[in-house]
Amino acid sequence: MMSAAQSQSTLEVKLKALQCHFTWDIDNSRSKLVRLKEKLEDIGTEEGNSWLGHISNLQGYIHYQLGSTEDARRFFSGAAEAFRRSRNSDSDEGPWLLVNYGNLAWLHFHLGEQAESQTYLSKVNTLLNKYPSPSQDELHPEIYAEKAWTLMKFGRDKKVLVADYFQRAIRMQPDMVEWHTSHVIALVNALKHCETPLEEEIIEKIKMAKEQDPENLYLAVHDLEQRAKKGERIEDEARELASKVLRNPVSSYSGMKALLRVYKSYVSVDEAIDLAEEALEKHPDERYLKKCAALCYKWRILFSRDRRLNQSTINRAISLIKEVISLYTHSSLVKKVDLANIYAKSNHGLAKAEQIYQKLLEMDLEPADKQMLYHYYAKYLNFDRRDYQGSTDYHMKAAEIQEQSYFRENSIKVLKKINERNRGRRRREIEEFLANLEV
């Protein structure tokens, strides 16, 4: 007879073969998970959102990793219910529950509830037998789609996998409109900091997805942006789209933030502020809209060439950002940096900016966050305090953290420029530093 330890070990081997959040390559760093938890909350729970099941599944996994097993159980149960509603199926069960049942099998296993874990493992096997994958050597398309949607949330380095999984899911089950839409949005988001128009193939995919999903305003905004990048005048269409976005329920999937970015680049920052304020007037308690408005004021103050900034604009920005910091308690580091930088532009605000930065520099941060902070502090020292040596030191600190990111790349670029211009005593030091980085 098998001992309890052997039984547990055999069960664990079977669980490791499942496709679910517990077996996928997910970044479990606490800072990433708490930020993602708050981002998922901003998507909202509006009926009709076809990703509600996936959102609840991911929230369940995040809450488990953050130590809240009861919340994990609640979200996993909510995921099953959301899938049943969104699939409009006659059956309570279907292949869309494969990942959810896998998560529940793992949750019960971690809680020492082996019998319940085995029950969910059996449910997974029953579903796989009843709904086999259309392609014998591949996962079920429902698994590919959920895996792709989940990995979208974990950084651009997953973009190749995300595209591949969506393509596999769509090839086997081409009638799922939301999969086409999310695939296109993933492709666009992976290139969102690119100033030039996207490749023709991706633009064509945007058009096709828009035809299939005409009510998706997030997609409509991306289509508008690509046309603007090609030189089209899109101001009137942008304003028309804004009126539609304002009528929709508040959600980070509504297209509001993406539309504000289009306003910033192709209409005007002042009109972006007006739009954000109008949305806030309609929904004064929505933290997501406060975050969007704070972003617009940041653009107005930090990236404006207008030297005659109105102090009342700065005061409104400071007030909004302070509120956003209090509403996003676990993901407010970037907003605190924004607050410091805005104080630096205000009348007699340099001391306050320095005080905020010093507090942040004393924090125990994960490497990626530390790198981001060092990068912004280096820029602040350069542009606001004219402390060029200190700025160089902090660009070096950012660059030596082995995290591949925009912040590292930009700090290295700045150091190279300093080195090209510099004939002073630090030239050799910077040269050796860059050589040791192998860049």
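Over the ring of which residue does the charged end of Lys-397 sit? In this predicted model, the charged end of Lys-397 is placed over the ring of Tyr-394, at 5.5 Å from the centre of that ring. A second arrangement of this kind involves Arg-287, whose charged end sits over the ring of Tyr-328 and lies 4.1 Å from its centre.

Contacts between aromatic rings were examined as well. A pair of aromatic rings is described by the distance of the centres and the angle of the planes. The count comes to 15 aromatic pairs. In one of these, formed by Tyr-101 and Tyr-120, the ring centres are 5.6 Å apart and the planes meet at 55 degrees, so the pair is tilted, given that stacked pairs have planes under 30 degrees apart and edge-to-face pairs over 60. Because Tyr-101 belongs to helix H5 (residues 98–110) and Tyr-120 to helix H6 (residues 114–130), the pair ties together parts that are 19 residues apart in sequence. Tyr-101 has a relative accessible area of 3% and is therefore buried, the limit for this term being under 20%. Elsewhere, one aromatic cluster is formed by Phe-22, Tyr-61, Tyr-64, Phe-76, Trp-106 and Phe-109.

Helix H17 (residues 333–345) was considered in its surroundings. At 1.5 Å a residue, its 13 residues should span 18 Å, which agrees with the 19 Å that separates its end C-alpha atoms. Ten of the 13 residues of H17 are buried, so this helix is largely enclosed by the rest of the structure; among them are Leu-333, Lys-335, Asp-338 and Tyr-343. The buried residues of H17 pack against helix H15 (287–302), helix H16 (311–327), helix H18 (350–361) and helix H19 (367–383).

Methods: Residues numbered from 1 in each chain as written. Predicted model: local features only at pLDDT ≥ 70, side-chain atom pairs only at ≥ 80, totals over all residues. Heavy atoms only, no water. Phe/Tyr/Trp six-rings, centres within 6.5 Å; stacked < 30°, edge-to-face > 60°. Helix = DSSP H or I, 4+ residues; strand = E, 2+ residues; numbered from the N terminus. Buried < 20%, exposed > 50% of the residue type's maximum accessible area, 1.4 Å probe, protein only. Lys NZ or Arg CZ within 6 Å of the ring centre and 35° of its normal. Expected span 1.5 Å × (residues − 1). Contact = heavy atoms within 4.5 Å.
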